[in-house]
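Reader: I should be grateful for a close look at a single part of this structure. Please begin with one helix and then set it in the context of its chain.

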Amino acid sequence: MKRVTTWISGLLLLFLAGCWSSQELPDLALISAVGMDATGDGQYAATFQVINPGNVAGEGTLSRGGSESPPVTTYSSTGPTMTEVNRRVSEKVSRRPYYAHTNLLVVGEQLAREEGLEKVFDAFERDPEFRTTTRVIIAEGTTAGEFVTALTSLDKIPANKVIKTLETTESFWGEHKDTNMREVLKHVGQSGHEPLVSIFTLHGDEEKGKKIDNIQTTSPEARLEATGMAVMQDGKMIDRISNEASRGALWVLDDIQKTAVSLDWKGQKDALVFQIVRNKTDVSVRIQDNLPVFDIQVSTEGEVGEAHVPINVSNPFLSGTVEKKSGEEIKKIIEQAVAKAQELQTDYLGFGELLHRKDPKLWRKLEKTWNEDHFPTVEVNVNADAYIRRSGLRNEPTFSEDVE
Amino acid sequence: MTFKLRKLSKARTTSSKSNEDEGAKTEKNEPLSDSLAQNVEAVKQKTGNSADISIREITLNDQAHTKAAVVFVEGIVDQQAIDDFLIHSLINDDDLKKNPADNILETIAEKVVALGELTRVHNHSELFQALFNGETVVLIEGFSEGVSTDTKGGESRSVDEPPTEISLRGPREGFTESIRTNTSLVRRRIKNEKLWVKSITLGKVTNTDVEIMYIDGLAESDIVQEVENRLNRINTDSILESGYIEELIEDQTATTFPTIAHSERPDVVTGNLLEGKIAIFIDGTPFVLMVPAVFVQFFQSVDDYYSRFDIATSIRLLRIIIFITSLFAPAVYVAATTFHQEMIPTQLLIVLAAQREAAPLPAVVEAILMEIIFEVLREAGVRMPKAVGQTISIVGALVIGQAAVQAGIVSPAMVIVVAVTAIASFATPSYNIAIAARLIRFVNMIAAATFGFYGIILTFIVLLIHLCSLRSFGVPYMAPLAPFDASGAGDTIIRMPWWKVKKRPALTVDGNVMRQGDNQKPSPPTDRTMK
């Protein structure tokens, strides 16, 4: 009897299997990127970038060469809801759409400004296949649909190109943030810390970008480029920041890993370059007269990347001056960025969140009108300490004779 | 050596006892007659006048002209010894020549025969037993008993390096087909009177010599008794190889896992004896069985003990990873590509998808097909003569590696998976556990194709439960891991250095667990100059 019970309970285990239907790889359409647009009449248009595996990998194993046909194919469809759009595309694709490897979600500027991201994200967030680690970007100047149809060289799959660009530039220059869906969702509608989403632009001829010729030249006519960051409020894009404003914002958010600042030296503009290799930003809040005051403390280490003036950086007196100047330059960048955020009346710097943690009671009072009334006028003190660790591989510039 | 081997007569008692119930007693245990002619005739008649039975008739003494016959089986005796020390003595001995007929047998037994062991035979059963054991029987006119002398000999293979268990560092000796050579190889390694050997004859037709060897005081006496009981229970016509006995005495028959270990190496058997295990030697095979066997034992290579412990440990870990690979690699591939595509990194998935793009067969069919083809190649390669074997491997490599991929029948990734699995299954030191894994691999593949990773986990759990339920002569198969035994755990998936292994594994050893003294860790003097 006991034996029978054991067997039966053992067999019952088989019915617990979650994934019933197996699917062979050739039956799946591996979607690498999804482009979402608003059509204007209240409908959504989605463009799916489907990988042609044989054209990406597998030269040598298959008799057909890989470079002749494009690495991706795109399919578009429209509908009133995201689910319908996703289902409808099956009318056009011969394989089952597979979202587990969708690494990029492109939202058209119009959709981002008018409808906001929340509605779009809901469908994706519910889907068990779709990953919340999918990168989110906003396509500017063109529709998301056009954006995902453009072919890229170097990285054959356009979605990969975008992701790798984001990752590289975030760590190398620091004007763009590599945001995924989970991070955006975490901050959407959080008045004390609004999300920032990177903006990409399709430069050049959209039509040419769709042709394989585009990647058969050394200088593609259509190229994808990161051009700034979108400022969101309540899930909608309200403005954009770029250059120093976005770099300064990331500096406050402690997202700077490596970057460089140019310094003036004795009246000569951009005479020295301070390359940052390690950075730590601490933002603290204190309450003064029942109002929050924010102190931003930047500690940064780096090396001299370039010198156009005769200067021996190994001289401790001179390097001290360079360090001080670097600190001032960084302070300037950050102050400008803070001013920009205050001007836009959007707290994407996370000040409100910080206050919430420090003084929840005060925050509850200010929360309602934080972005409009309090954030723009809040007092912010910036202090930046820079240290020169190295001068690169040499101390004095080659050309200089009279070194200080 | 104070210890004495048990006399063959004892073995005879055992065997005749086992033959009793067969009704063979009446026919075989016919007593010898007084008449030499009758006895010789009986031998001739019962052996069907076999060509290799040699009967030499001689006259013993001058006066009485007592006739005698020297009977032996050609080929299994030491002909030189018979000529020099038996026949020569019988013909030329002065005492014998003058001897009257009535006590001639005593004289032969006590004075004439210049050979080691000597016994008396009284009936036909004993006579034939002695003959086919390589002994020489002297039958004398007027006596209803014969004198049997030990003249075992004949051709046998010399002690050679064992082909199935190569070691890089360690003795080059391997067992041969001769049981006495085999026991001597072990006895040379354990020079201690506590090394005991018990003899038993098995197989009603083959009368194969089987011997149990153990170290008294180390081997658990219950287990020794159990081994004897199980061997005595065997009632079959033939024992041709250790495999016969293995199958007849194992605890659990419904399993692919070996619960009895075997080896061709005397040093392996010695090591096992020192852990309280019992060795079973079978005449006619170089393989010696060792019981009880535990799971981890099959991952221990003899080289582990001869090389540094850190290196041995890492290699042993590698072997376990290899074993798991050989069990699960194709199953994981099938499950990942047909159920869990999200678990494969995007770039890898694209490469796999590109290969599978034109593949005509589902992944699981491809996997099973390739595995079967590989097994066929392996089987063909093993049995082929060396010259042909190479052809097989070249054809196999071309068929699997090149042609099948180029023809687009199978995907290159599948070939890699099969190849990795194949190599992995050969890297397990013990062949019989590797082949168990091979069989289970197919079950895993089917489970993976039906339920994905869930199926693999299910079979894994079933496998684990099964392994834990196995016993080898009462000792849990997964010991000393489950149940955990600290004294034995030092030599499982890791090998502790010798100076750390203070105790013998308690599960197989009878009480006497201390292996070595304290402070065995080498501690050279702090003064490094070594003045």
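Author: The following account concerns one helix of chain B, then the chain around it, and closes with a strand of chain A.

The model is predicted. The helix chosen is H6 of chain B, which spans residues 104-112. Which of its residues are buried? They are B:Ile104, B:Leu105, B:Ile108 and B:Val112. Viewed down the axis of H6(B), these buried residues fall within an arc of 110 degrees, and they therefore line one face of the helix. The spacing follows a general rule: an α-helix has 3.6 residues a turn, so residues three or four places apart point the same way. On the face of H6(B) turned away from the buried side, the exposed residues are B:Glu106 and B:Glu110.

What covers the buried residues of H6(B)? The cover includes two helices of chain B, H4 (79-92) and H5 (94-98). It also includes two strands of chain B, E4 (135-140) and E5 (146-150).

The wider setting is chain B itself, in which there are 20 helices and twelve strands. The domain assignment divides the chain into domain 1 (31-150), domain 2 (179-293) and domain 3 (306-475). Taken over C-alpha atoms, the centres of domain 1 and domain 3 of chain B are separated by 62 Å. Along the principal axes, the C-alpha atoms of chain B fill a box of roughly 105 × 65 × 50 Å. The radius of gyration of chain B is 30 Å, whereas a compact globule of 531 residues would have a value near 24 Å. Of the 531 residues of chain B, 38% count as buried. Among contacts in chain B with a separation of 6 or more, 67% are between residues 24 or more positions apart.

A strand of chain A offers a second view of burial. In E8(A), residues 223-233, eight of the eleven residues are buried, so this strand is largely enclosed by the rest of the structure. E8(A) pairs in the antiparallel sense with strand E7 (residues 196-203) of chain A over eight bridges. In this pairing, A:Leu202 stands opposite A:Leu224 of E8(A). E8(A) also runs antiparallel to strand E9 (residues 236-241) of chain A, to which five bridges join it. Here A:Met229 stands opposite A:Ile241 in E9(A). The hairpin of E8(A) and E9(A) has two residues between the strands, and A:Asp234 in this hairpin takes a positive phi near 50 degrees.

Note on methods: Residues are numbered from 1 along each chain as its sequence is written. Chains are lettered from A and ligands numbered from 1 in the order in which they are written. This is a predicted model: local features need pLDDT of at least 70, side-chain atom pairs count only at pLDDT 80 or more; totals for chains, interfaces and linings use all residues. A residue is buried if 20 or more other C-beta atoms lie within 10 Å of its own, exposed if 12 or fewer, and partly exposed in between; C-beta atoms are placed from the backbone. Helices (H or I, at least four residues) and strands (E, at least two) are DSSP runs, numbered from the N terminus. The arc is that of the directions from the helix axis to the C-beta atoms. Two residues are in contact if their C-beta atoms, placed from the backbone, lie within 7 Å. Domain bounds come from an automatic or database domain assignment. The radius of gyration is taken over C-alpha atoms; the globule rule is 2.2 Å times the number of residues to the power 0.38. Two strands pair if DSSP finds at least two bridges between them.
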